[in-house]
Amino acid sequence: RVDDVNGKMRADYHTGIINFKRQEENVKNLETLLAALQKRNIRVILVTMPVFSTYSKFCDTAIINRNNDIINSMVSKYNCQYKNYFTDQRFEMADFHDNDHLNYIGAEKFSRILDDEFVKPLLSKQLK
């Protein structure tokens, strides 16, 4: 159910299961992948998925800021793109299965957004 009570429960649950001791290992693993893709000239786009406001407003801003710092560092280091859709206002309650997962309507909308913002521009550059 998409509402404040369930959104807070989900955000609190996700905060509670974070294992900060594994963060460094996870970052190294992602950097290994990004370096390998960069070496093969594979273009990488990192994306933060949208959630509904009933979830995002209860998320720990210190964790979000830390994650953004890590992502921005990787974007700079590995010359990839990043787009944060976490609080994208184009999504409404009808797009969500629950507070932090899109339903089929939202997934279709998100696919169109990704196509318009990444795929079509990349294809048009390749045709030039």
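**Figure 1. D3, a buried aspartate, and its partner R1.** With a relative accessibility of 17%, D3 counts as buried, since the cut-off for that class is under 20%. In this predicted model, the carboxylate of D3 pairs with the side chain of R1 in a salt bridge, with 3.3 Å from N to O. R1 itself is exposed, at a relative accessible area of 72%. So the view shows a salt bridge that joins an exposed arginine to a buried aspartate.

**Figure 2. The whole chain, to help you find your way around the close-ups.** The predicted protein has five helices and four strands. Starting at the N terminus, the order of elements is α-α-β-α-α-β-β-β-α, so three strands follow one another between the fourth helix and the final one. The C-alpha trace spans about 50 × 35 × 20 Å along its principal axes. The chain has 128 residues, and 30% of them count as buried. Considering contacts between residues at least 6 apart in sequence, 78% connect residues at least 24 apart. The exposed surface comes to about 8900 Å², and carbon and sulfur atoms account for 53% of that area.

**Figure 3. R10 and D100, a salt bridge between distant parts of the chain.** Here the side chains of R10 and D100 meet, with an N to O distance of 3.1 Å. The two partners are 90 residues apart: R10 sits in helix α1 (residues 4-16), while D100 lies in the loop between β3 (96-98) and β4 (101-102). R10 is partly exposed, its relative accessible area being 27%. D100, in turn, is buried at 13% relative accessibility.

**Figure 4. D88, R90 and E117, a network of salt bridges.** Which three residues make up the network in this view? They are D88, R90 and E117, linked by salt bridges. Within the network, the closest N and O atoms of R90 and D88 are 2.6 Å apart. D88 is buried, with 14% relative accessibility, whereas R90 is partly exposed at 37%. For the wider setting, the model holds 13 salt bridges in total. The protein carries 19 positive and 17 negative charges, and the mean positions of the two sets are 7 Å apart.

**Figure 5. C59 and C80, two buried cysteines.** Are these cysteines buried or exposed? C59 is buried, with a relative accessible area of 15%, and C80 is buried as well, at 9%. A disulfide is a covalent bond between the sulfur atoms of two cysteines. The count of disulfides in this model is zero, so neither C59 nor C80 is drawn with such a bond.

**Figure 6. T48 on strand β1 and the residues around it.** T48 belongs to strand β1, which covers residues 45-48. Which residues does T48 touch, once its neighbours within four places in sequence are set aside? The contacts are I71, Y82, K83, N84, Y85 and F86. One of these partners, K83, is 35 residues away in sequence, and the C-alpha atoms of T48 and K83 are 6.6 Å apart in space. Strand β2 covers residues 81-84, so Y82, K83 and N84 in the contact list fall within β2.

**Figure 7. S56 in helix α3, a buried serine.** S56 is part of helix α3, which runs over residues 53-56. Its relative accessibility is 15%, so S56 counts as buried. Beyond the neighbours within four places in sequence, S56 is in contact with V51, F86 and T87. F86 also appears among the contacts of T48, so this view and the previous one share that phenylalanine.

**Figure 8. N41 and N79, two asparagines with positive phi.** Most residues other than glycine have a negative phi. N41, however, has a phi near 60°, and N79 has one of about 50°. Where do the two asparagines sit? N41 is in the loop between α2 (23-39) and β1, and N79 is in the loop between α4 (61-78) and β2 (81-84). N41 is exposed, with a relative accessible area of 73%, and N79 likewise counts as exposed, at 69%.

Technical notes. Residues numbered from 1 in each chain as written. Predicted model: local features only at pLDDT ≥ 70, side-chain atom pairs only at ≥ 80, totals over all residues. Heavy atoms only, no water. Buried < 20%, exposed > 50% of the residue type's maximum accessible area, 1.4 Å probe, protein only. Contact = heavy atoms within 4.5 Å. Areas by Shrake-Rupley, 256 points an atom, 1.4 Å probe, with all protein chains shown as cover. Lys, Arg positive; Asp, Glu negative; His and termini not counted. Charge placed at Lys NZ, Arg CZ, Asp CG, Glu CD. Salt bridge = Lys/Arg side-chain N within 4 Å of Asp/Glu carboxyl O. Disulfide = S-S within 2.5 Å.
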